[in-house]
Amino acid sequence: MISGKQGFFNGWYFKCQSDMQTLAVIPAVHQTGRKGTCSIQIITETEAWAVEFPIEEFRRKGKTISIGRNRFGERGVRLAVHEPGLDVKGRLYFSALSPLKYNIMGPFSYVPFLECRHSIWSMRHKVWGTVYINGTSYSFDGAEGYWEGDRGRSFPQQYIWTQCSFPGGV
């Protein structure tokens, strides 16, 4: 069991963006009652996939998340997903992360009944590497990277989120 709570999730959003391409990957672990699962979502400008894995394939050690042969962490992302209709393989490398100097939740981090907690692991870091999705190459050479996390009992049905990043700033 992941948590003693009735419903629980923990997800990490990795976004890589070059002048030409965008790729987002979201590994997550979920628990509803006694049933636990984990998943990986892969999102491009034109398509999105979600692959579910048995909970036994999920591991987390510090800031490193593993689901099967897939790894996500401070140094980058390694993808190896082979399902009917989806073949993903590749590796992305990250430069040093740029975390915020403060809690993104602000005073809301003290509100005990919120459905979800949000965190920023890196507002901007550089990304290098290539991921192949069903034969299409997503290549990044010094591209921009972003990493956030969400955890809680449910993701809000309605929310407002704004974010911006300026050249030379975080």
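**Exercise 1.** In this predicted model, decide whether Phe-14 counts as buried or exposed.

*Solution.* Start with the cut-off: buried means under 20% relative accessible area. Phe-14 has 2% relative accessibility, so Phe-14 counts as buried. Now try Trp-147 in the same way: its relative accessibility is 0%, and Trp-147 counts as buried too.

**Exercise 2.** Work out which parts of the chain the pair of Tyr-13 and Tyr-146 links, and classify the pair.

*Solution.* The structure holds 5 aromatic pairs. For Tyr-13 and Tyr-146, the centres are 6.2 Å apart and the planes meet at 70°. Planes over 60 degrees apart count as edge-to-face, and that is the label for this pair. Next, place the residues: Tyr-13 sits in strand β1 (residues 7-17) and Tyr-146 in strand β11 (residues 136-152), 133 residues apart. Finally, check accessibility: Tyr-13 is partly exposed at 24%, whereas Tyr-146 is buried at 7%.

**Exercise 3.** Classify the ring pair of Phe-14 and Trp-147, and find the cluster that holds these rings.

*Solution.* The ring centres are 4.7 Å apart and the planes are at 25°, so the pair is stacked. This pair also links strand β1, through Phe-14, with strand β11, through Trp-147. Ring pairs join both residues with Phe-72 and Phe-94 into a cluster.

**Exercise 4.** Describe the surroundings of Arg-69.

*Solution.* First locate Arg-69: the loop between β6 (64-67) and β7 (70-73). Its relative accessible area is 54%, so Arg-69 is exposed. Then list its contacts, leaving aside neighbours within four places in sequence: Arg-78, Ala-80 and His-82.

Note on methods: Residues are numbered from 1 along each chain as its sequence is written. This is a predicted model: local features need pLDDT of at least 70, side-chain atom pairs count only at pLDDT 80 or more; totals for chains, interfaces and linings use all residues. Side-chain values use heavy atoms; hydrogens and water are left out. Helices (H or I, at least four residues) and strands (E, at least two) are DSSP runs, numbered from the N terminus. Buried means under 20% relative accessible area, exposed over 50%, partly exposed in between (1.4 Å probe, protein chains only). Contact means heavy atoms within 4.5 Å. Rings of Phe, Tyr and Trp (its six-membered ring) pair if their centres lie within 6.5 Å; planes under 30 degrees apart count as stacked, over 60 as edge-to-face and the rest as tilted.
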